[in-house]
Amino acid sequence: MSAPPRTSTRTFALAVNDLRRGWRQRELWGHLGWQDIRQRYRRSVLGPFWITISMAITAVALGILYAGLFGNPIERQLPYILVGFIVWAFIGSCVTDGAMVFISSEGLIKHLPAPISVHVYRLIWRQILFFGHNMIVYAVMLLVFPQPLTLASLAAIPAFALLVLNGFWAVLLIGIISTRFRDLPPVTQSIVQLMFFLTPIVWIYDDLQKNPAVSSRARLAELNPFLHFLETIRQPLLGEPIVWRHWLIVLAITVVGWSLTLVVMRNYRSRVSYWV
Amino acid sequence: MRQACVDFPIFDARARSLKKAMLGMVGGQIGSNAQKVVVVQALKNIDLDLQHGARVALIGHNGAGKSTLLRLLSGIYEPTAGSTVVTGRVAPVFDLAVGMDQEISGYENIIVRGLFLGMTRVQMEQRLDDIAEFTELGDYLTMPIRTYSTGMKVRLALGVVTSIDPEILLLDEGIGAVDAAFLRKARGRLTDLVGRSGLLVFASHSDELLRDLCDTGVWLERGQILQQGPLEEVLAAYKERYPAPPRRRPGGPPPGRGGLPPNRPGPAPNRPGPPLDGPGGQGVQPPERPDPPPGPGSPQPGPPEPTQPPDPGS
């Protein structure tokens, strides 16, 4: 008998192919993503609009609270907190849900052959829908506290696209690693909680930079990658001038993150179904 | 049929469940549960070439590797060594409950299950009436399926599964949990489905069903192919080895852990038994034997095998 051909399943082509096949099944994950949301609010009268409402309540309450604590005018603090919260909701749940993305789909993975990226698309799509519901609050806020929006505010759209692109690799990467190492999900949860406070969501980054007492330490915040994602979206949405430094860092993270993830995908994609 | 030519060599395929091994290495909370680093070789050196038109029955007692082989065929597992090549659209039917959403209506579940099996929404909508008629669920289909009984859910799942046109159909046991009258009806549809599909691999402990649907048998034992040939021959040989083969309780494996074989430390024998590809398999009838009731008598792990050297590991 001739020697069996040893075809390796660890190739970049297969990793990319997984992503491509996953995209083709968008009818499936599109449906599942919606269902995830509808499921959560099934049999409630307002349904998914509870997402919108709870975001509104949080933003208004914290806006008032921190405007008082920091002595900022409410019309500045509230929009700042609101946009920060909306973006953070996306980032935070990408990381925390990302750790569970394959673990929670164990049944599906073990019983139905599908590219593993399907589960990632589903999660990202769900988060985009959440984001959409939250943006309603932003739209309402614009009526109450008009922002100096310009054409440059449209930069929020590519900024969000970049965030989604990064969310995708992050979910994939964290998902694969935490399927293998089950201690990761609780770890990521604590990290996300911590990062919430280290990211300028309730506190205003500019104010710290202007304050001579803390300005040198405030620079450390630049090391926080989440800050740059947040600023690329928040600045245009609040009509602030765009700082390109944040965009460059985000682009660099995108490239590095995807490269790393593709390597991990190549090596461990086929192991996920064994690990779950 | 479509050109569902299936070329399927698995050379030296070795699927291992690393679950336990992994837990042992990680340490920490979860790891402390695992006793040792155990690597299970669920399948070892499987060579199989199935072509279009094959109707294959997988035979073997629990943990022999039937479900793992099916998962390997479906592409859920990729071999840890060796390779598999599968050409054609695969429809695996392992667990009827998976992918069912308790909160949405029967109709919606039909669509979703279809999507899972690789159909499009439009295709499923065309089949909706046919499936609805088959399931005999009537107005219940508009209700959330958490109101259904187990049997009703099985009907729904069977209705969907038997309505699709797969090129490669993989069936795992556990599709027998319906009442007899319905099963008779389902069997007709199942036979149709098998006729439409290009290739069938069916793992079951029900000789009756296997005889209905398959013509070739593959006997798996400890992750290796012990015998391969005409169904009756393989069944007869299997019965000879296990005079009262254990019958699995209806209901199938628990969801989630489906086909994971029990951990069996120690390597399985390296050489597979000589394949008995004898001619004229149809004539050999196995001795009729009364079906033992599905009792608690669990399968005796294989007695010493006459065709093989003694297990070196245990």
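**Why is it called that? Questions on a two-chain model**

Q: Where in chain A is A:Thr52 found?
A: In this predicted model, A:Thr52 sits in helix H3 of chain A, which covers residues 49-70.

Q: Why is A:Thr52 called buried?
A: Its relative accessible area is 9%. Buried means under 20%, so at 9% A:Thr52 gets the label.

Q: What does A:Thr52 touch beyond its sequence neighbours?
A: Leaving out anything within four places in sequence, its contacts are A:His133, A:Asn134, A:Ile136 and A:Val137. Take A:Asn134: it is 82 residues away from A:Thr52 along the sequence, yet their C-alpha atoms are 5.0 Å apart.

Q: What makes A:Thr179 count as buried?
A: The cut-off is under 20%, and A:Thr179 has a relative accessibility of 0%, so buried it is. You'll find this residue in helix H7 of chain A, residues 156-180.

Q: Which backbone oxygen lies 2.5 Å from a polar side-chain atom of A:Thr179?
A: The one on A:Gly175. A polar contact needs N or O atoms within 3.5 Å, and the 2.5 Å here falls inside that limit.

Q: How do you know that the side chains of A:Thr254 and A:Asn166 make a polar contact?
A: They come to 2.9 Å of each other. The limit is 3.5 Å, so on distance the pair passes. A:Asn166 also turns up among the residues A:Thr254 touches, along with A:Leu162, A:Leu165 and A:Trp169, with residues up to four places away not counted.

Q: Is A:Thr254 buried or exposed?
A: Buried: its relative accessible area is 8%, and anything under 20% qualifies. The residue belongs to helix H12 of chain A, residues 244-268.

Q: Why does A:Trp29 count as buried?
A: Because its relative accessibility is 7%, and the label applies under 20%. A:Trp29 is part of helix H2 of chain A.

Q: What does A:Trp29 touch, and how far is it from A:His119?
A: Setting aside residues up to four places away, A:Trp29 touches A:Gly22, A:Trp23, A:Val118, A:Tyr121, A:Arg122 and A:Trp125. Between A:Trp29 and A:His119 the C-alpha separation is 7.3 Å, with their positions 90 residues apart along the chain.

Q: How is the lining of the largest pocket made up by class?
A: It splits into 22 nonpolar, 17 polar and 8 charged residues. The lining has 47 residues, and those nearest the pocket centre are A:Arg21, A:Pro113, A:Ala114, A:Pro115 and B:Ser74. Proline and alanine count as nonpolar, arginine as charged, so A:Pro113, A:Ala114 and A:Pro115 fall in the nonpolar class and A:Arg21 in the charged one.

Q: Which elements supply at least two lining residues each, and how much space does the pocket hold?
A: From chain A come helices H1 (12-24), H2 (26-40) and H5 (106-111); from chain B come helix H3 (66-74), strands E5 (83-84) and E6 (90-93) and helix H4 (106-116). H1 of chain A gives the largest share, 5 residues. The space comes to about 1,200 Å³.

Q: What makes B:Phe134 buried?
A: Its relative accessibility is 4%, so it meets the under-20% rule. Found in helix H5 of chain B, B:Phe134 has contacts beyond four places in sequence that include B:Arg155, B:Leu158, B:Phe182 and B:Arg189. B:Gly118 is 16 residues away along the chain, and its C-alpha is 21 Å from that of B:Phe134.

Q: What is the phi of B:Glu136?
A: About 60°, a positive value, although the residue is not a glycine. B:Glu136 is in the loop between helix H5 (121-135) and helix H6 (150-161) of chain B.

Q: Why is B:Ala54, a loop residue, called buried?
A: Its relative accessible area is 16%, which is under 20%, so the label holds. The loop runs between strand E3 (40-46) and strand E4 (55-59) of chain B. Beyond four places in sequence, B:Ala54 touches B:Gly198, B:Leu199 and B:Leu200. Its C-alpha is 5.2 Å from that of B:Leu199, a residue 145 places along the chain.

Q: What share of chain B counts as buried?
A: 52% of its 314 residues. Chain B has 9 helices and 10 strands, and its accessible surface is about 13,800 Å², with 54% belonging to carbon and sulfur atoms.

Definitions and conventions
Residues are numbered from 1 along each chain as its sequence is written. Chains are lettered from A and ligands numbered from 1 in the order in which they are written. This is a predicted model: local features need pLDDT of at least 70, side-chain atom pairs count only at pLDDT 80 or more; totals for chains, interfaces and linings use all residues. Side-chain values use heavy atoms; hydrogens and water are left out. On a 1 Å grid over the protein atoms alone, a cavity is a set of points where a 1.4 Å probe fits but cannot get out, and a pocket is an open set with protein on both sides within 12 Å along at least five of seven lines; lining residues have an atom within 4 Å of a point. Grid points are joined across faces, edges and corners, and a volume is the space filled by probe spheres set on the points. Helices (H or I, at least four residues) and strands (E, at least two) are DSSP runs, numbered from the N terminus. Buried means under 20% relative accessible area, exposed over 50%, partly exposed in between (1.4 Å probe, protein chains only). Contact means heavy atoms within 4.5 Å. Accessible areas come from the Shrake-Rupley method with a 1.4 Å probe; for residues, only the protein chains shown count as cover. A polar contact is a pair of N or O atoms within 3.5 Å; within protein, one must be able to donate a hydrogen and the other to accept it, and residues adjacent in sequence count only if both atoms are side-chain atoms.
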